[in-house]
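Student: I am new to this structure. Could we go through it in questions and answers?

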Amino acid sequence: MKKFFDKHWKARIYKIIYHSDTPAGKLFDLVLLVVILASILLVMLESVNSIDEKYHDFLNIAEWIITILFSIEYILRIITNSSPKKYIFSFYGIIDLLSTIPKYLSLFLVGSHSLVALRALRLMRVFRILKLARFMGESNNFIKALKASKVKIAVFVSFVVILCVILGTVMYLVESEQDSGFSSIPRSVYWAIVTLTTVGYGDIAPVTPLGQLIASLIMIIGYGIIAVPTGIVTAEFANQKKVPIKEEDIVPTTKTCPECLTYDIRIEAKYCYVCGAEII
């Protein structure tokens, strides 16, 4: 009777934690997201000296409460899972652990508590909770477009690197005798990169008329270069859009297999399509 009772409650907790196709599961996931956002906000506020000095104790206590809640959640995920090791070493398992331990480490390592911002990674669960899986078809097309254009992008990046080396060397020859910051070719190449990419930190600037003319040309070229990779990816993305997406490929899924932790299980499925385990 006791074993049945334990198994019964483990199954209920498992459904609440891992499934979001029930009211309790949806509520749990939404509360989890709110708590994660609250935790990130606390860390951000704590980094502001004026706020930390005034509300340090409150922020510290609130963060400890959230950390304890996350610790309980992490333990429940391990206990209720029929394959604890798979969860622990899975992507979400590692993220859950990394988002929990920083506060404990702050007891021994000063400043490590700021790492709790890693909890932002847990917000990826929103794709399952808010039914955004329907947009995964579009993201898959984008990934395919990037893969299809990787050779063109690699050639383009190689061209940009060569151009930056040439322009940096030219600027070094023109400005090296001036007190303008072009003290070496590597430093001049650095200037060429930040100028060509339209970042322009302003820590190095040409002072000779010829150098300023070359810099102006580089800036204009930079705007044109930005459009090249965008056009390459856009063209490939348009080709991917021509392939129709099947309706069954974009149906939102909310179940997780208790054995292999496959998370894209259809709502009506009774068995995992990967390992064949029964979906509780």
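Student: Which residues does W191 touch, not counting residues up to four places away in sequence?

Tutor: This is a predicted model, where local features need pLDDT of at least 70, side-chain atom pairs count only at pLDDT 80 or more, and totals for chains, interfaces and linings use all residues. Residues are numbered from 1 along each chain as its sequence is written, and side-chain values use heavy atoms, leaving out hydrogens and water. Touching here is contact, meaning heavy atoms within 4.5 Å. With sequence neighbours up to four places away set aside, W191 touches M171, F182, I204, P206, A215 and I218.

Student: Which helix gives the most to the largest nonpolar core?

Tutor: A nonpolar core is a set of buried (under 20% relative accessible area, 1.4 Å probe, protein chains only) Ala, Val, Leu, Ile, Met, Phe, Trp, Tyr and Cys residues joined through side-chain atoms within 4.5 Å. The largest one has 15 residues, and W191 is among those with the most contacts inside it. Helices are DSSP runs of H or I, at least four residues, numbered from the N terminus; α9 (150-175), α10 (185-196) and α11 (209-241) each supply at least two core residues. With 6 residues, the top contributor is α9.

Student: What distance separates the end C-alpha atoms of α10?

Tutor: The expected span is 1.5 Å times one less than the number of residues. For the 12 residues of α10 that gives 16 Å, so the model agrees, with its end C-alpha atoms apart by 16 Å.

Student: Which residue follows α10?

Tutor: Within α10, the buried residues include W191 and L196. The residue after α10 has a positive phi, near 60 degrees, and is T198.

Definitions and conventions
Buried < 20%, exposed > 50% of the residue type's maximum accessible area, 1.4 Å probe, protein only.
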